[in-house]
Structure formats: C-alpha cells, structure tokens
Amino acid sequence: MAEESAAGIVVAGSIFLAPGTRDAFLSRSSSAISQARKTPGCLDFCVSADTLQEDRVNIFELWSSRAALDGFRDTGPSDDLVTLIVRADVTEYIVDIG
C-alpha cells in the first residue's frame with residue numbers, strides 16, 4: 001500500500017533592507033527564528049545574509065501545514081523589524097513533504 005503524502009508549505013525569498021541595517025535586522029530576527037523553530041509544525045526556519053548584496057537577507061521556511069504557518073504568522077514580526085524593510089520578494093509554495 002502506498003504511503004499517503006502530506007502537503008507542506010515552503011516560504012522562500014528575499015527581503016531588502018534600508019542601507020546599513022542588515023546586521024541589526026539579523027540580530028533582531030534571532031528571537032523570531034527561535035520562536036518559529038519551537039512552534040509546532042515548523043520544520044525549518046532560516047534568515048541569512050546574502051553574500052553579494054549588503055541590503056538583502058534570504059529567508060527559507062518549511063511548515064508542515066497551512067494551519068501551522070498561519071498560527072505562527074498571527075504573532076507577526078515586531079514593528080522594529082518592519083521599519084527596516086524596504087521591500088520583500090517572498091513566495092509561498094505548496095510541497096509534498098510525505
């Protein structure tokens with residue numbers, strides 16, 4: 001009998017920041033990363049500095065379900081992080097995590 005597959009959610013992309021704020025953004029993100037990784041249904045959550053663009057960070061999240069992702073999103077990023085963001089190019093993908 002074939003195993004049943006499960007649909008998960010990948011959130012991936014880039015966040016572009018105000019000049020000179022990347023280190024502050026990464027530092028302030030650490031509590032959100034820690035919180036996400038402790039959230040039921042979070043399989044991975046990463047925020048990293050882009051090696052070529054000083055104003056860019058890359059994100060990757062893997063969630064076991066839409067409900068898990070939405071539950072975490074309700075907590076939202078803090079205002080001190082949002083004020084550093086100039087724009088975001090982030091996409092959600094539904095993936096088989098079976």
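**Exercise 1. Placing T39 and its partners**

In which loop is the place of T39? Work out its location in this predicted model, and then describe what surrounds the residue.

Solution. Begin with the elements: T39 sits in the loop between α1 (22-38) and β2 (42-49). Next consider accessibility, where T39 has a relative accessibility of 19% and counts as buried, because the cut-off for buried is under 20% relative accessible area. Then look at the side chain, which reaches the backbone oxygen of Q35 at 2.8 Å. Finally, leaving aside neighbours within four places in sequence, T39 is in contact with W63 and F72.

**Exercise 2. The surroundings of W63**

Determine where W63 lies, whether this residue is buried or exposed, and which residues it touches.

Solution. The first step is to find W63 in strand β3, which spans residues 56-63 and has the highest mean pLDDT among the elements of the protein, at 98. The second step is accessibility: W63 counts as buried, with a relative accessibility of 0%. The third step is to list the residues that W63 touches, not counting those up to four places away in sequence; they are G8, I9, A36, T39, G41, C42, L43, F45, A68, L69, F72 and I97. For one of these, A36, the C-alpha atom is separated from that of W63 by 9.8 Å, although the two residues are 27 apart along the chain. The last step concerns polar groups, and here the side chain of W63 makes a polar contact with the side chain of E61 at 2.8 Å.

**Exercise 3. Following the salt bridges**

How many salt bridges does a search of the whole structure find? Examine the pairs R56 with D50, E61 with R73, and R66 with D70 in turn.

Solution. The search finds four salt bridges.

- Step one: the side chains of R56 and D50 meet in a salt bridge with an N to O distance of 3.3 Å. R56 is partly exposed at 21% relative accessible area, whereas D50 counts as buried at 13% relative accessibility.
- Step two: E61, whose side chain also contacts that of W63, forms a salt bridge with R73 at 2.5 Å, N to O. The pair links distant parts of the chain, since E61 belongs to strand β3 and R73 to helix α2 (residues 66-73), 12 residues apart. E61 counts as buried at 3% relative accessibility, while R73 counts as partly exposed at 34%.
- Step three: R66 forms a salt bridge with D70, the closest N and O atoms being 3.3 Å apart. The two residues are four residues apart in helix α2 and therefore separated by about one helical turn. R66 is partly exposed, with a relative accessible area of 37%, and D70 is partly exposed as well, with 34%.
- Step four: extending the view from this pair, R66, D70 and E92 are linked in a network of salt bridges.

**Exercise 4. The geometry and cover of α1**

Describe the length of α1, locate its kink, and state which of its residues are buried and what covers them.

Solution. Start with the span: α1 has 17 residues and reaches 24 Å from its first C-alpha to its last, close to the 24 Å expected at 1.5 Å a residue. Then examine the axis, which shows a kink of about 35° centred on S30. Next, pick out the buried residues of α1, namely R22, F25, S29, I33 and A36; A36 is also one of the residues that W63 touches. To finish, ask what lies over these buried residues: the cover includes β1 (7-17), β2, β3, α2, α3 and β4 (85-96).

**Exercise 5. The whole chain and its confidence**

In what order do the elements of the protein run from the N terminus on, and what is the average pLDDT of the protein?

Solution. First count the elements, which are three helices and four strands, and then read them from the N terminus as β-α-β-β-α-α-β. As for overall extent, the C-alpha atoms fill a box of roughly 55 × 25 × 15 Å along the principal axes. Buried residues make up 32% of the 98 residues. Among contacts between residues at least 6 apart in sequence, 72% join residues at least 24 apart. Turning to confidence, the protein averages a pLDDT of 90, and 91% of the residues score at least 70. Among the elements, helix α3 (residues 79-82) has the lowest mean pLDDT, at 80. A caution applies when reading any model of this kind: where pLDDT is low, the predicted coordinates should not be read in detail.

How values were computed:
Residues are numbered from 1 along each chain as its sequence is written. Side-chain values use heavy atoms; hydrogens and water are left out. pLDDT is the predictor's confidence in each residue, from 0 to 100. Buried means under 20% relative accessible area, exposed over 50%, partly exposed in between (1.4 Å probe, protein chains only). Contact means heavy atoms within 4.5 Å. A polar contact is a pair of N or O atoms within 3.5 Å; within protein, one must be able to donate a hydrogen and the other to accept it, and residues adjacent in sequence count only if both atoms are side-chain atoms. The expected span of a helix is 1.5 Å times one less than its number of residues. The bend at a residue is the angle between axes fitted to the seven residues ending there and the seven starting there.
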